[in-house]
2 protein chains.
Amino acid sequence: MSEQELSTEKTILEAAKKVFLDKGFDGARMQEIADEAGINKALLHYYFRSKDKLFDAIFEEAFKQFLPNISEIMVSDRSIEEKVRAFVGHYIDMLQNNPYLPVFVIRELQRKPDTILEILKKSKINPIQVAVILKQQTEGGQIIDISLPHLIVNMIGLCVFPFIGRPIIEGFLFNNNTEAYNAFLLERKTLVADFILNAIKLK
Amino acid sequence: MSEQELSTEKTILEAAKKVFLDKGFDGARMQEIADEAGINKALLHYYFRSKDKLFDAIFEEAFKQFLPNISEIMVSDRSIEEKVRAFVGHYIDMLQNNPYLPVFVIRELQRKPDTILEILKKSKINPIQVAVILKQQTEGGQIIDISLPHLIVNMIGLCVFPFIGRPIIEGFLFNNNTEAYNAFLLERKTLVADFILNAIKLK
DNA sequence: GTCTATATCGGGATAGAC
DNA sequence: GTCTATCCCGATATAGAC
């Protein structure tokens, strides 16, 4: 595999990612990807035999990026407060750098919900291990009794939803003022962490 | 317009709603909608000139259904606790009856983000009025100082996200156990309300 | 490896009979 | 109002020259 080939392949992948993330599999056009990459359609098929295969090459990476590595943050000896703040901060940062990721992943999950399980099995996330940590915190009297699924869904939901609902939030709540929307996102890095900690900490 | 015509139109709309909600605009096929309605493609075009127009007939209603009427619940003289519990309970109920609604709306919002503003203008939601109510609660020393956008996004996000992330939650957190997932949803009607109230109530 | 040209098919839309 | 048959474009995919 020559230098040039690697470079072309990468160019195609970047172009494909851009188009697929914006339009989704059904909405994306091979022609648009080719244009974006500055090549022609035939070359796409030369590198990736079909649209499906090209898509798969994009999706797995995007999905793994979307899934925050809860285990890594939760399994440490920092305080629960530090863990929540670290998680929310890092995750919102990542989403700001990849604002289309959530809608893309969600859309395609619905299209073929089966593919994800294999990817998840390969991931390093270990819910049981995290659940044990959580139980320790609860029994130590630091936080309320909340199950891991609820806590995870709440944390991720609070981080992700502003990106999913962007058209409504920016358009309606902020009258299409993009600066106001971005300021809103920035505020959330501390606000969401405070919100979660207030909700789960025992008083 | 005869009885029969109304009936056929309704049948088409129901079929279209089912297919569009599942596949999205790009993924939906007029043939599939016709099959679902037990008629043929030509008749679809007879009633709704184009796929676009048929889609529009579905989308506006779905979008209005998806938008919870915050104003109606917030503008009342009930306590903040009652308001939050009523909102979360009703909204999760509605989502359980329309589990595909969130992903559908989100997907199509991304496709044409402009259309929503007109729909929203026509809605009865009045953010300013709600913001005033919120301010009163804050100044009355009942809840923490949180802006309306953050509170709305948090409340809606916590309700909606379990439906958006269903494939991951049901598939991974609950090992594809649908009963466990449904039980989880049921728990959330009180859990989410508690979570929000804990987070915002002044101690 | 990259291009142009083309095959092939699927899907939205229309014509026209009944 | 409902059907069958068909048009026609657009999109994936391939053939073949360079």
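The paragraphs below follow the contact between chain A and chain B and then turn to the nonpolar core of this predicted model.

The two chains meet through 53 residues of chain A and 53 residues of chain B, and between them they bury about 4,700 Å², of which 77% lies on carbon and sulfur atoms. On the chain A side, the residues that lose the most area to chain B are Q110(A), F172(A) and F195(A), which together account for 15% of what that side buries.

As for specific interactions across this contact, the count of salt bridges between chain A and chain B is 0, whereas 10 residue pairs, both members at pLDDT 80 or more, are in polar contact. Several helices of chain A give two or more residues to the side that touches chain B, namely α1 (3–27), α4 (51–66), α7 (101–111), α8 (115–122), α10 (148–164), α11 (166–173) and α12 (178–200); α10(A) gives the most, with 12 residues. Sorted by class, this side of chain A comprises 36 nonpolar, 9 polar and 8 charged residues.

In soluble globular proteins, nonpolar side chains tend to be buried together. Here the largest nonpolar core has 150 residues, and the members that touch the most others within that core are F20(A), F63(A), F20(B) and F63(B). The surroundings of F20(B) can be followed residue by residue: leaving aside residues up to four places away in sequence, F20(B) touches F25(B), A28(B), I33(B), L54(B), F55(B), I58(B) and F104(B), together with K51(B) and R107(B).

Notes: Residues are numbered from 1 along each chain as its sequence is written. Chains are lettered from A and ligands numbered from 1 in the order in which they are written. This is a predicted model: local features need pLDDT of at least 70, side-chain atom pairs count only at pLDDT 80 or more; totals for chains, interfaces and linings use all residues. Side-chain values use heavy atoms; hydrogens and water are left out. Contact means heavy atoms within 4.5 Å. Buried area is the accessible area (1.4 Å probe) that two parts lose on being put together, summed over both. A salt bridge is a side-chain nitrogen of Lys or Arg within 4 Å of a carboxyl oxygen of Asp or Glu. A polar contact is a pair of N or O atoms within 3.5 Å; within protein, one must be able to donate a hydrogen and the other to accept it, and residues adjacent in sequence count only if both atoms are side-chain atoms. Helices (H or I, at least four residues) and strands (E, at least two) are DSSP runs, numbered from the N terminus. Ala, Val, Leu, Ile, Met, Phe, Trp, Tyr, Cys and Pro count as nonpolar, Asp, Glu, Lys and Arg as charged, and the others, Gly among them, as polar. A nonpolar core is a set of buried Ala, Val, Leu, Ile, Met, Phe, Trp, Tyr and Cys residues joined through side-chain atoms within 4.5 Å. Buried means under 20% relative accessible area, exposed over 50%, partly exposed in between (1.4 Å probe, protein chains only).
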